[in-house]
Amino acid sequence: MAHELNTPLGAIVSSNGTISDFFQNQFQTIINYLFTFSNEDKERFYFLIREYQNIQNVFYTGKKEREFKKELEIEYAEIFHKHLIDEKEEYLNLIVDSSAFLLGDHLKFILESDRKKEILTMGSKVASVFRSCSIISTASEKSSHVVKSLKNYLISDDLTHSDQSKIDITSEIETILTLYYYNINHRVKVQKHFLSHRKCKGNRDNLNLVWVNLLNNALYAISFEGIIELTIEDDGPWIKVSFIDYGSGIPKNIQDRIFEPFFTTKSKGEGVGLGLDICRKVINKMNGKIEFESEVGKTKFTVYLLAEE
């Protein structure tokens, strides 16, 4: 949770620093430059920064940056050949940093000026402020979402500890996925197929232990990189919840033992072998059942819970 909150808060602090630096050290310089511009060059600058309302938080690095610049070079080949043949790389950087590529064919209007470098350089500084504002907005929303999810997960009353509390399975699993964002992140793709909106009765906190254990096992099985499928669907009187991973699979010679207390295939310090035992006990207490099937490259755990009538 500390990491989940520290990441967006760190982005907010960094972006705020960029904005502060702009107004303290760069804003006056831009104003001074504008006084030296011709009316046409002023119009070029205003024409550029008007596009920043469409700016997006897309940052290109490494291979992606090189590929994007190559696309720009091809797209604006005629302009580069006519105006920038000797400074192509420098202007490619400025066009990306200033988001001048948003202008499309109208970029030519900027590049025809003798002061195009100053226009694009100043545009880059203004663009960074717009990006920083957008980052702050996105990071604030992320922080709020994490705090809300944590609140939903932690706040409970007597009913949530009761074995007869009404449980919205979809909402609970969504909350857990939010709290596990750091472990899931960009390396794991979670494919969700939530087709049932029925609820069951039971102990919410205990049932969440089941979802946490099954998610942990799926992440471990794919080494925290790959695809996990989550399905919630109706099956007669049952709500059927499935966790599918595309890891190495459970060897047939140990499949009969995976629900045994203290049996684990994880390395020392990574598990004590109680997760699936706890899952089975919780589900049995709710008059449900848990099943699994596994082969090389795929494992599926399915939980059956009686829907509330």
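Two strands are said to pair if DSSP finds at least two bridges between them. With that in mind, good morning; I shall describe a predicted model, and I shall begin with its sheet.

Five strands form an open sheet, in the order 2-4-5-7-6, and the pairing is mixed. At the edges stand strand 2, residues 188–194, and strand 6, residues 289–295, each of which pairs on one side only. From one strand to the next, the twist averages 15°.

Let us turn to strand 5, which spans residues 238–245. How many of its residues are buried? Eight of the eight are, so the strand is mostly covered, where buried means under 20% relative accessible area. In a regular strand, side chains alternate between the two faces of the sheet. In strand 5, one side carries Trp-238, Lys-240, Ser-242 and Ile-244, while the other carries Ile-239, Val-241, Phe-243 and Asp-245. Both faces are covered, and the residues named on either side are all buried.

What does strand 5 pair with? Strand 4, residues 226–235, pairs with strand 5 in the antiparallel sense, over eight bridges. Within this pairing, Asp-234 has Ile-239 of strand 5 as its bridge partner. The two strands make a hairpin with two residues between them, and there Gly-236 takes a positive phi near 65°.

Strand 7, residues 298–306, also runs antiparallel to strand 5, and eight bridges join the two. Here Ile-239 stands opposite Leu-305 of strand 7. Further along strand 5, Ile-244 stands opposite Lys-300, again in strand 7. Ile-239 thus appears in two settings: as the bridge partner of Asp-234, and opposite Leu-305.

I now move to the helices. Helix 9, residues 169–179, lies across strand 2, strand 4, strand 5 and strand 7. With respect to strand 2, helix 9 runs at about 170°.

A further arrangement involves helix 11, residues 204–221, and helix 12, residues 275–285. Their axes come within 9 Å and cross at roughly 145°. Is this crossing left-handed or right-handed? The crossing of helix 11 and helix 12 is left-handed.

Which residues make the contact? Helix 11 contributes Asn-206, Leu-207, Val-210, Asn-213, Leu-214 and Asn-217. From helix 12 come Gly-275, Leu-276, Ile-278, Cys-279, Val-282 and Ile-283. By class, this contact has eight nonpolar and four polar residues, with no charged residues.

To close, I return to strand 5: eight bridges join strand 5 to strand 7, and its pairing with strand 4 also extends over eight bridges. Thank you for your attention.

Definitions and conventions:
Residues numbered from 1 in each chain as written. Predicted model: local features only at pLDDT ≥ 70, side-chain atom pairs only at ≥ 80, totals over all residues. Heavy atoms only, no water. Buried < 20%, exposed > 50% of the residue type's maximum accessible area, 1.4 Å probe, protein only. Helix = DSSP H or I, 4+ residues; strand = E, 2+ residues; numbered from the N terminus. Axes fitted to C-alpha atoms, helices over the stretch in contact; angles between N-to-C directions. Contact = heavy atoms within 4.5 Å. Left-handed = near helix turned anticlockwise from the far one by under 90°. Nonpolar A, V, L, I, M, F, W, Y, C, P; charged D, E, K, R; others polar.
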